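Grab a coffee and open the structure viewer. The exercises here can be worked with the sequence on one side and the model on the other.

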Amino acid sequence: MKLILLVFFTLYSGNVNQTIRRNHNGRLSCKFKSDPAFALEISWYRNGSMIPQNPEKSDLDIYNANLSDSGQYFCQVVAKSGFKSEIKMFPINLNVICKF
């Protein structure tokens, strides 16, 4: 008996700790490599709640960052092909700082 492992995509770790200055804009990025044959859906979460945005966009833009934007975010990537799917989540810690 052979075990066949199908990997739909690879999620790169990238920068898991990011800093944005208060009242500035920033971007959290979810980097991955995928076979173009698979349909991908990207979702962003913070504190267990989904952040509404385009499911084809792998970046999350933070505008006019406040201290309350600090925390742990998760990028979730779902790859689908036929009846099979694979889900991976990638954590990113955001720290908003007050630097004058």
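Below are four exercises, each with a worked solution.

The model is predicted, so local features need pLDDT of at least 70, side-chain atom pairs count only at pLDDT 80 or more, and totals for chains, interfaces and linings use all residues. Residues are numbered from 1 along each chain as its sequence is written, and side-chain values use heavy atoms, with hydrogens and water left out.

**Exercise 1. The overall picture**

Find how many helices and strands the protein has, and what share of its residues count as buried.

Solution.
- Step 1: There are 0 helices and 9 strands; helices (H or I, at least four residues) and strands (E, at least two) are DSSP runs, numbered from the N terminus.
- Step 2: Of the 100 residues, 30% count as buried. Buried means under 20% relative accessible area, exposed over 50%, and partly exposed in between (1.4 Å probe, protein chains only).
- Step 3: Take the contacts with a separation of 6 or more: 64% of them come from residues 24 or more positions apart. A contact means heavy atoms within 4.5 Å.

**Exercise 2. The disulfide**

Work out which cysteines form a disulfide and how far apart their sulfur atoms are.

Solution.
- Step 1: Searching the whole structure gives 1 disulfide, a term for a pair of cysteine sulfur atoms within 2.5 Å.
- Step 2: The partners are Cys30 and Cys75, with sulfur atoms 1.9 Å apart.
- Step 3: Distant parts of the chain are linked here: Cys30 sits in the loop between strand S3 (26-29) and strand S4 (31-34), Cys75 in strand S8 (residues 71-81), and the two are 45 residues apart.
- Step 4: The link of Cys30 and Cys75 is left-handed, with -85 degrees about the S-S bond, and both residues are buried.
- Step 5: Now look around Cys75. Leaving out residues up to four places away in sequence, Cys75 touches Cys30, Ile42, Ser43, Trp44, Lys88, Met89 and Phe90.

**Exercise 3. The core and strand S3**

Determine which strand gives the most residues to the largest nonpolar core, then follow Leu28 to its bridge partner in S7.

Solution.
- Step 1: The largest nonpolar core has 15 residues, and among those with the most contacts inside it are Leu28, Leu60 and Cys75. Such a core is a set of buried Ala, Val, Leu, Ile, Met, Phe, Trp, Tyr and Cys residues joined through side-chain atoms within 4.5 Å.
- Step 2: At least two residues of this core come from each of strand S5 (39-46), strand S7 (59-62), S8 and strand S9 (84-97). S9 gives the most, with 4 residues.
- Step 3: Side chains alternate along S3: Gly26 and Leu28 point to one face and are buried, while Arg27 and Ser29 point to the other and are not.
- Step 4: S3 and S7 pair in the antiparallel sense over 4 bridges; two strands pair if DSSP finds at least two bridges between them. Leu28 has Leu60 as its bridge partner in S7.

**Exercise 4. Salt bridges**

Locate the salt-bridge partner of Lys80, then decide whether Asp61 is buried or exposed.

Solution.
- Step 1: The whole structure holds 5 salt bridges, each a side-chain nitrogen of Lys or Arg within 4 Å of a carboxyl oxygen of Asp or Glu.
- Step 2: Lys80 pairs with Glu41, their closest N and O atoms being 3.5 Å apart. Lys80 lies in strand S8 and Glu41 in strand S5, so this pair ties together parts 39 residues apart in sequence.
- Step 3: Lys57 and Asp61 also meet through their side chains in a salt bridge (2.8 Å, N to O). Asp61 has a relative accessible area of 17%, so Asp61 is buried, whereas Lys57 is partly exposed at 32%.
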